[in-house]
Amino acid sequence: MLNRVVLVGRLTKDPELKVSQNNISVATFTLAVNRPFTNANGERGADFINCVVFRKQAENVNQYLKKGSLAGVDGRLQSRSYENKEGQRVYVTEVVCDSVQFLEPKGQGSNQQNNNSADSYQNAYGNQSTGSRPAQRSRQDSVEENPFANADGPVDISDDDLPF
C-alpha cells in the first residue's frame, strides 16, 4: 500500500499551536495549493488542504511560518471522525506531515515588502539591488567566483571523447 502526499502552497492563516494531554505539541494549518489549470473564465483555482504536524516540527512551524508563507509538505493523508459538542459526527481529512520545509528566506513573505521595494533582493555579493533581473557581473568576476568556469569559452568535446 502507498499513502504519500507532497504539497507546495501558501498558508491561508497563521498556524495554530496546541499542546495535547500527553504534552505533545500539535500545529495545524491550511495550505492553499494552486491548481495546474484555469477554468472557462481563465481563472486559476486553488485547493485548501488541512495539515497537522507534531512535536518539535510543530513548534518550528508555529514560530517561523505565518499567513502567506510558502511551505512544502511531505506526509500522508488521514481521515478521522469525532463527535462535536452538539453530538454530531464530524469527518476530517487532513495531511499528517512527516516534514515541513520552509521555502522562503526568513522574514520573506508574499505580503511583506523589503526596505526598498517588493522586487528587492541581495545579489551574489550581498549588495542590495532592485529590478527583475540580477545585476550583470563581469566575466572576470564569474571566473574568480567559480574556479570551474572556462575563461576561454565553451569546451570543444567530440563524441569520441565521451565514454558512452
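This tour proceeds from the whole chain to its confidence values and then to one pair of aromatic residues.

**The whole chain.** Begin by displaying the entire chain, bearing in mind that the model is predicted. The secondary structure consists of two helices and eight strands. Followed from the N terminus, the elements appear in the order β-β-β-β-α-β-β-β-β-α. Of the 164 residues in the chain, 21% are buried. If a surface is shown, about 12,400 Å² of the chain is exposed, and carbon and sulfur atoms supply 46% of that area.

**Confidence.** Next, colour the chain by pLDDT. The average is 79, and 65% of the residues score at least 70. Select strand S1 (residues 5–11), which has the highest mean pLDDT among the elements, at 97. Then select strand S7 (residues 121–122), where the mean is the lowest, at 38. Extend the selection to residues 112–135: pLDDT stays under 50 throughout this stretch, for which the model has 32 contacts beyond four places in sequence.

**The aromatic pair.** Finally, select Tyr-64 and Phe-102. A search of the whole structure finds one aromatic pair. The ring centres of Tyr-64 and Phe-102 lie 6.1 Å apart and the ring planes meet at 45°, so the pair is tilted. Which elements hold the two residues? Tyr-64 belongs to helix H1 (residues 55–64) and Phe-102 to strand S6 (residues 89–102), so placed that the pair links distant parts of the chain, 38 residues apart. Are these residues buried or exposed? Tyr-64 counts as partly exposed, because its relative accessibility is 43%. Phe-102 also counts as partly exposed, because its relative accessibility is 34%.

Note on methods: Residues numbered from 1 in each chain as written. Predicted model: local features only at pLDDT ≥ 70, side-chain atom pairs only at ≥ 80, totals over all residues. Heavy atoms only, no water. Phe/Tyr/Trp six-rings, centres within 6.5 Å; stacked < 30°, edge-to-face > 60°. Helix = DSSP H or I, 4+ residues; strand = E, 2+ residues; numbered from the N terminus. Buried < 20%, exposed > 50% of the residue type's maximum accessible area, 1.4 Å probe, protein only. pLDDT = per-residue confidence, 0-100. Contact = heavy atoms within 4.5 Å. Areas by Shrake-Rupley, 256 points an atom, 1.4 Å probe, with all protein chains shown as cover.
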